[in-house]
Amino acid sequence: ESVTVVVIGAGPAGLTVATLLRRCGIDCVVLERRSRAHVAQRQRAGIVEARAVRMFESWGLADRVLDGPPHDGILEFRVDGESHLVADRDGSAGSGARLCPQQVLVRNLTDAYLADGGDLRYEAADVTVHGLTGDRATVRYRSADGTRYAIGCAFVAGCDGEHGVSRGSVPDGVLTAHTFDHGIGWLTVLADAPPPPRPLLAVSPQGFAAHFPRGPHSSRYYLQCPPDDQPAAWPEDRIWDALRTRLADPALPAGPITDRETFRLRSLVSDPMRYGRLFLVGDAAHIVSPMGGKGMNLALYDADLFARAVRDHVRDRDDTALRTYSERCLRRVWSDQEFSHWLTRTVHDAGDDTRCGPFLRRLARARLDRLFTSPTAAQAFAELMTGLDPAPDR
Ligand code: APR
């Protein structure tokens, strides 16, 4: 069996790569370790930035894969109970961001890919990658019934997330992993409780909190917590009390909690994002702290560049975009890492100063003041939120 591209992983990155390749008539196979049901219910990111919306539009896919209301382009920052509205539209013509939960995007991409006749194999175990620097690569796996397969290909798209096999198949010493730990923990809570009218970020002396819409009747909440906290430390009453205090909203309605997790805010960049015939896409190459919503959007950016690079190779025998893939992706990755780091530090340092000290707390407050009062600062913020900042694409 032989195809042009084997895609490992059916998250947002892998499904976008596969769907775009199908759009240009390039054959591929997607191998996913988990079941379709498992992949479909995994909840994470919730906002498709304006640049990514326009990317799907340029492929004629926006109507099929994006769901959910347009985001009205306003974020609320609530600082010690005082509300400040900040635009995250940059004023350019064209579509803005969409509030499309990741699992909805994944479901729609899966449907679109399969409807186009795509080949997607779930429960593919023991995926291994061979011959990455030879004339052709081979990807081996075992199906759910125990049959072993080997697929020859020109390129492997490593879209298997942070703990996948792709990055691990690269020999030691080739990739440099740049890592950063913010020393901050978050509790994330998903609940069937009324969503806020717009995304809300709250700075308070008790720590950071956020409230995001996740559908007409559900919400996602974030609470800063010690970096090694476990979900068991957060019984329901404590969660609602902390949210009401930090969001400065004593009447915040509660609702049944459907999921709760804790994690550390950290970042990782793998450089380069390519080894021979293997191209790393999405979380397999980089993790960005969740503040600013860049994780999924970066995956969509990589996927678009990769699919167009393969198209140039197949259609025009032009390998320029394959050669520059890593460098171009990394420019945007570092730009988004910087934005995410800036926003993470600002909203955490400005609140509880037991972690950062009073000096850094006042610096963070000064940055918020500037954002709330200077139209120029607000415009720079909006440009970064939309993903339409030109520097990374120059
Ligand atoms: N073989 C096959 N599939 C694998 C393997 C493997 N060895 N290891 C992991 N996978 C699959 C996972 O089951 C998952 O479906 O690869 C997929 C990776 O998906 P994500 O972790 O969602 O990564 P990505 O597609 O890059 O997502 C991009 O969206 O919300 C964000 O946090 C998410 O930032 C990430 C982004």
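Which residues have the most contacts inside the largest nonpolar core? They are V17, A157, V281 and F306, in a core of 72 residues. Helix α7 gives the most to this core, with eleven residues. A second core lies apart from it and has 33 residues, among them L200, A210, C225 and L243. In soluble globular proteins, nonpolar side chains tend to be buried together. The model described here is a predicted one.

## Around A157

A157 is a good place to start looking. Leaving aside its neighbours within four places in sequence, A157 is in contact with V5, V7, I8, G14, V17, F279, V281 and F306. V17, V281 and F306 share with A157 the listing of residues with the most contacts inside the largest core.

The strand pairing fits into this picture. Strand β8 covers residues 148–158. Strand β15, residues 278–280, pairs with β8 in the parallel sense over three bridges. Within that pairing, A157 has F279 as its bridge partner. Strand β1, residues 2–8, also runs parallel to β8, and six bridges link the two. There, I8 is matched with G158.

## Two hairpins in a row

Next come β6 and β7. Strand β6 spans residues 125–130 and strand β7 spans residues 137–142; they run antiparallel and are joined by four bridges. H130 stands opposite T138. The two strands form a hairpin with six residues between them. G131, in the turn, has a positive phi of about 65 degrees.

β7 then pairs with β8, again antiparallel, through six bridges. T138 has G152 as its bridge partner in β8. This hairpin has five residues between its strands, and G146 in the turn has a positive phi of about 95 degrees.

The table sets out four pairings.

| Strands | Sense | Bridges | One partner pair |
|---|---|---|---|
| β1 and β8 | parallel | six bridges | I8 and G158 |
| β8 and β15 | parallel | three bridges | A157 and F279 |
| β6 and β7 | antiparallel | four bridges | H130 and T138 |
| β9 and β13 | antiparallel | 13 bridges | F180 and S267 |

## An open sheet of eight strands

How many strands does the open sheet have, and in what order? The sheet has eight, ordered β4-β3-β10-β11-β12-β9-β13-β16, with mixed pairing. β4 (82–87) and β16 (286–287) stand at the edges. Each has a single partner strand, so one side of each is left without a neighbour in the sheet.

Inside that order, β9 (residues 176–191) and β13 (residues 257–271) pair in the antiparallel sense over 13 bridges. F180 is matched with S267 in β13. In a regular strand the side chains alternate between the two faces of the sheet.

## Helix α3

Helix α3 runs over residues 50–58. Its buried residues are A50, R51, A52, V53, M55 and F56. They pack against three helices: α4 (62–65), α7 (295–316) and α10 (375–386). Just after α3, G60 has a positive phi of about 70 degrees.

## The ligand and its shell

The ligand is surrounded by 28 residues. The closest are G9, G11, G161, G282 and G295. Two elements, α1 (12–23) and α7, give two or more residues to the shell. By class, the shell has 14 nonpolar, eight polar and six charged residues.

An unreviewed UniProt entry annotates residues 3–335 as "domain: FAD-binding". In the model, the end C-alpha atoms of this span lie 34 Å apart. The span is 28% helix and 31% strand.

## Unusual backbone

Most residues other than glycine have a negative phi, and most peptide bonds are trans. Three places in this model depart from that pattern.

- D126 has a positive phi, near 50 degrees. D126 sits in strand β6.
- R317 also has a positive phi, near 55 degrees. R317 lies in the loop between α7 and α8 (320–349).
- D271 and P272 are joined by a cis peptide bond, with omega about 0 degrees. P272 is in the loop between β13 and β14 (274–275).

Are D126 and R317 buried or exposed? D126 counts as exposed because 10 other C-beta atoms lie within 10 Å, and the limit for exposed is 12 or fewer. R317 is exposed too, with 7 other C-beta atoms within 10 Å.

Key
Residues numbered from 1 in each chain as written. Predicted model: local features only at pLDDT ≥ 70, side-chain atom pairs only at ≥ 80, totals over all residues. Buried ≥ 20, exposed ≤ 12 C-beta atoms within 10 Å, placed from the backbone. Contact = placed C-beta atoms within 7 Å. Pairing = 2+ DSSP bridges. Core = buried A, V, L, I, M, F, W, Y, C linked by C-beta atoms within 7 Å. UniProt positions renumbered as here; feature names shortened; annotations may be inferred. Near = placed C-beta within 6 Å. Nonpolar A, V, L, I, M, F, W, Y, C, P; charged D, E, K, R; others polar.
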